[in-house]
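I opened a notebook page for this structure and set down what I looked up, entry by entry.

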Amino acid sequence: MVGIKAIASYIPERRVSNVDRAEEVGKEVDFITGKVGFTSLQRKSDGEETSDLCVGAFDALLKKQPDVKREDIDCLIVVTQNPDGFGLPHTSAIVQHKLGLSENVAAFDVSLGSNKNVWWKCNKGEDHEWKTTVVNRSSGRDCPFCTLTP
């Protein structure tokens, strides 16, 4: 059976203050917090790459689901707008190496704004499967069966 058995995320420790940034751009703090909605945001540290964030997400996944074993992984998908370096080698290949996954694991990158068509499956119904682009899903388009729109 083909399917996604686990998903995890990782948020870097470093924070950047939006309050400090308000002063840098000559705006009032109320303007920034009203428009942005939060007073700080996470940023990766100097020297930290997207692949390092992926390794952090994998570590989080193992904590959440300790029954997941590296040798059981058949496919690794990295979805990002910000690949390591200049994008070559692909970030997924770097993550595959850092995690010590088999060379037989299918590893590929999908750009967050990609126009690649992907099959999606909603968890609310067995028949809720549809094909659309990554950019449509990342911009908030949900299951057409649940929202009753094509």
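**Cysteines**

I began with disulfides in this predicted model, and the count came to zero. I then looked at Cys 143, which takes part in no disulfide and has the sulfur of Cys 146 as its nearest cysteine sulfur, 3.8 Å away. Since a disulfide requires two cysteine sulfur atoms within 2.5 Å, I left this pair off the list, because its sulfur atoms are 3.8 Å apart. I also checked how each of the two is covered: Cys 143 is buried, at a relative accessible area of 5%, whereas Cys 146 is partly exposed, at 34%.

**Rings and charges**

I searched for aromatic pairs next and noted that the structure holds zero of them. A ring does appear in another kind of contact, however, for the charged end of Lys 27 sits over the ring of Phe 31, at 4.8 Å from the centre of that ring.

I then asked how many salt bridges a search of the whole structure finds. The search gives one, and I identified its partners as Lys 98 and Asp 52, whose closest N and O atoms are 2.6 Å apart. I placed Lys 98 in helix α4, residues 91-98, and Asp 52 in helix α3, residues 50-64, so the salt bridge ties together parts that lie 46 residues apart in sequence. Regarding accessibility, I wrote down that Lys 98 is partly exposed at 39% relative accessibility, and that Asp 52 is likewise partly exposed, with a relative accessible area of 27%.

**Surface patch and strand β3**

Which residues form a nonpolar patch on the surface? I found Ile 77, Val 79, Phe 108 and Leu 112, which together have about 320 Å² of accessible area. I followed up on one of them, Ile 77, which I located in strand β3, spanning residues 75-80, and for which I recorded a relative accessible area of 44%, making this residue partly exposed.

**The loop after β3**

My last entry concerns Gln 81, which lies in the loop between β3 and α4. Is Gln 81 buried or exposed? With 56% relative accessibility, Gln 81 counts as exposed. I also compared its position with that of Glu 71 and noted that the two are 10 residues apart in sequence, while their C-alpha atoms are 28 Å apart in space.

Terms used:
Residues are numbered from 1 along each chain as its sequence is written. This is a predicted model: local features need pLDDT of at least 70, side-chain atom pairs count only at pLDDT 80 or more; totals for chains, interfaces and linings use all residues. Side-chain values use heavy atoms; hydrogens and water are left out. Buried means under 20% relative accessible area, exposed over 50%, partly exposed in between (1.4 Å probe, protein chains only). Rings of Phe, Tyr and Trp (its six-membered ring) pair if their centres lie within 6.5 Å; planes under 30 degrees apart count as stacked, over 60 as edge-to-face and the rest as tilted. A charge sits over a ring if NZ of Lys or CZ of Arg is within 6 Å of the ring centre and within 35 degrees of the ring normal. A salt bridge is a side-chain nitrogen of Lys or Arg within 4 Å of a carboxyl oxygen of Asp or Glu. Helices (H or I, at least four residues) and strands (E, at least two) are DSSP runs, numbered from the N terminus. Patches are made of residues with over 30% relative accessible area and no salt bridge: like charges are joined within 9 Å, nonpolar side chains (Val, Leu, Ile, Met, Phe, Trp, Tyr) within 5 Å. Accessible areas come from the Shrake-Rupley method with a 1.4 Å probe; for residues, only the protein chains shown count as cover.
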